[in-house]
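Open your viewer, switch to a cartoon view and keep the sequence panel at hand. We will go from one strand to its neighbours, and then step back to look at the sheet they belong to.

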Amino acid sequence: PGPLSDDLPARTVVVLGDAPAGLAAAAVALAEARGWPVVAEPSARLASGPCLLAGGDLLLRGGFPAAHRPDRVLCVGRPTLSRAVARLLAAAPLDVVAAGPTWTDQGHHASRVLPTVPTPAAGRRDRAWLPAWQGAADQARAAADRLLDKAGLSEPGVAAALMDAVPAGGLVVCGSSKPVRDLF
């Protein structure tokens with residue numbers, strides 16, 4: 001078992017990057033137990049969960065994170081280099097979970113490097129924290145969907161249509177950076 005999560009504040013945000021499936025599942029279990037939002041990167045090996053923010057990347061690009069600054073960010077796995085994620089990682093004390101002997105801390109913001117995801121433990125919980133992030137993410141996603149409906153043919157629109165057409169368990173191969181974010 002990993003270290004206990006008692007010392008992690010109630011207003012924590014989890015960033016789930018490229019990490020082994022076991023670490024990703026442990027991070028989501030911790031977030032569910034503590035009521036923390038999870039921003040999953042396109043490379044995260046996890047498809048769903050009640051704490052995962054739909055449109056998390058969209059949410060990070062707006063003013064919401066600045067107005068709802070977390071007390072701590074827990075980064076599990078290697079995050080991408082998007083400016084929105086980098087801003088979140090720099091916004092509060094940062095704990096990084098190392099998936100091996102090395103870890104990623106591009107902005108040199110980590111206050112602690114943990115060997116594994118902390119074990120869910122009883123801790124202070126802010127019951128409004130996760131719903132606020134979920135509501136804002138839903139609003140961001142809905143606004144983006146409205147814009148896509150009006151835009152006609154666009155890269156994000158094509159990505160949305162493609163994802164709607166891919167059967168469950170299907171495989172999509174795409175280029176790096178922007179196309180991946182459009183698909184996600």
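Start by selecting residues 94-97, which form strand β4 in this predicted model. Turn on the side chains and look at each face in turn. Leu94 and Val96 point to one side, while Asp95 and Val97 are on the other. These four residues are all buried, and both faces of β4 are covered.

Next, add residues 72-76, strand β3. This strand runs parallel to β4, and four bridges join the two. To see where they line up, pick Leu74: it stands opposite Asp95 in β4.

Now select residues 110-114 for strand β5. Here, too, four bridges make the connection to β4, and the strands run parallel. Which residue of β5 is the bridge partner of Asp95? Click on Arg112 and you have found it. Then move along to Val97, whose bridge partner in β5 is Leu114.

Time to zoom out. Five strands make up an open sheet, and you can follow them in the order β2-β1-β3-β4-β5, with parallel pairing. At the edges are β2 (38-40) and β5, each of which pairs on one side only. Rotate the view to see the twist: on average, neighbouring strands of this sheet are turned by 20° against each other, direction ignored.

For the last stop, select residues 21-34, helix α1. This helix packs on the sheet and touches β1 (12-16), β2, β3 and β4. Compare its direction with that of β1: the angle is about 160°.

Conventions: Residues numbered from 1 in each chain as written. Predicted model: local features only at pLDDT ≥ 70, side-chain atom pairs only at ≥ 80, totals over all residues. Heavy atoms only, no water. Buried < 20%, exposed > 50% of the residue type's maximum accessible area, 1.4 Å probe, protein only. Pairing = 2+ DSSP bridges. Axes fitted to C-alpha atoms, helices over the stretch in contact; angles between N-to-C directions. Contact = heavy atoms within 4.5 Å.
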